[in-house]
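The following exercises concern cysteine environments, an enclosed helix and backbone torsions. Each task is followed by a worked solution.

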Amino acid sequence: MDKIAVVILNWNGVKLLEQFLPSVLQYSEEATIYVADNASTDTSVNFVRENYPSIKIIQNSGNHGFAKGYNDALQSVDAEIYALVNSDIEVTENWLKPIIETFDKEKETAIIQPKILDFKNKEYFEYAGAAGGFIDKYGFPFCRGRIFDTVEKDNGQYDDSCKLFWASGACFFIRKEVYHALGGFDEAFFAHQEEIDLCWRAANEGHTIKYNSESVVYHVGGATLQQGNPKKTYLNFRNSLLMLVKNLPKKGLFFVIFFRMVLDGIAGIRFLTQGKFGHTFAILKAHFSFYCLSLKYLNKRKDFQIQQYYTVKSIVFLYYIKKLEVFKEIFNSNQNIKN
């Protein structure tokens with residue numbers, strides 16, 4: 001069994017592989033590298049085979065999205081640690097060493113995220129993960145270094161190691177045994193928020209999720225599905241509701257979901273006033289899909305859920321009403337966030 005495997009999920013991303021594979025090859029001497037291909041119709045597989053014979057190729061039977069794509073591919077990967085890396089990630093020298101050291105020293109730590117900076121503007125954090133994630137009572141995710149659309153400049157303010165609630169799927173390290181014990185990602189999610197769901201299930205099982213700033217990567221973000229795409233809105237809103245049904249503590253379960261749906265409705269109206277009709281329709285579609293799946297997801301609930309899953313009651317209130325746009329401002333207003 002290998003110590004660590006870097007697994008890059010790809011779908012029609014030959015241009016991204018051309019651009020970003022060289023850094024992964026250069027700085028990942030400790031790892032066996034895989035490209036897991038979701039039945040691409042471009043030249044991705046041939047490109048890897050012809051130019052990088054040392055990389056192992058896994059060919060999935062179809063475009064199964066992020067969740068099932070990784071679940072299927074990782075059946076063929078034998079390593080103690082999985083490094084799940086987006087195809088639009090540039091890694092840096094010694095990015096794997098601090099991750100491996102943390103796993104070796106801290107047996108309770110099951111999942112780790114590195115510092116994720118913006119490839120296009122390298123002085124700033126990147127939207128999808130930044131310096132690690134948390135959620136509020138109603139399931140809205142936010143990060144150290146990114147609250148909704150406000151992204152912070154990296155001034156060393158998060159050069160630390162701390163516990164998280166969720167780690168970004170853009171660059172996601174997890175112990176193999178934990179991944180499979182949890183059943184991997186929820187395949188019905190297809191893409192978006194499946195890593196938050198997996199982390200929540202890991203926390204319910206007593207595992208620790210951590211951030212390690214000594215490992216640094218740069219992420220393009222939105223290379224597969226742009227931030228303003230209504231399909232992304234649909235998946236985020238639907239999957240967030242499904243995640244709440246699965247993982248919320250029993251007490252207050254239905255109130256939290258009802259209130260979250262009210263907030264979703266307000267978001268839909270806001271999109272409508274901005275002329276973003278596709279996003280309003282995406283939220284309506286997400287809710288309809290949620291109604292159809294809710295009973296199935298109630299049956300997915302486990303016997304135990306952690307009670308204190310959130311760090312602030314409402315990130316929406318703090319950001320839009322109190323105008324707190326930086327993580328440390330929220331930290332100072334809410335001492336429940338602990339390192």
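**Exercise 1.** Determine whether Cys-162 is buried or exposed, and establish how many disulfides the structure has.

*Solution.* Cys-162 has a relative accessibility of 1% and therefore counts as buried; buried means under 20% relative accessible area, exposed over 50%, and partly exposed in between (1.4 Å probe, protein chains only). The model is predicted: local features need pLDDT of at least 70, side-chain atom pairs count only at pLDDT 80 or more, and totals for chains, interfaces and linings use all residues. Residues are numbered from 1 along each chain as its sequence is written, and side-chain values use heavy atoms, with hydrogens and water left out.

Next, a disulfide is defined as a pair of cysteine sulfur atoms within 2.5 Å. Searching the whole structure yields zero disulfides. For Cys-162, the nearest cysteine sulfur belongs to Cys-143, 11 Å away. Cys-199 is likewise in no disulfide, its nearest cysteine sulfur being that of Cys-143 at 11 Å. Cys-199 is buried, at 0% relative accessible area.

**Exercise 2.** Explain why helix 3 is described as largely enclosed by the rest of the structure.

*Solution.* Helices (H or I, at least four residues) and strands (E, at least two) are DSSP runs, numbered from the N terminus. Helix 3 covers residues 65-73, and seven of its nine residues are buried, so the rest of the structure largely encloses it. Among the buried residues are Phe-66, Tyr-70 and Asn-71.

**Exercise 3.** State which sign phi has at Ala-39, and locate this residue.

*Solution.* Ala-39 is not a glycine, yet its phi is positive, about 55°. Ala-39 sits in the loop between strand 2 (32-37) and helix 2 (44-51). At 29% relative accessibility, Ala-39 is partly exposed.
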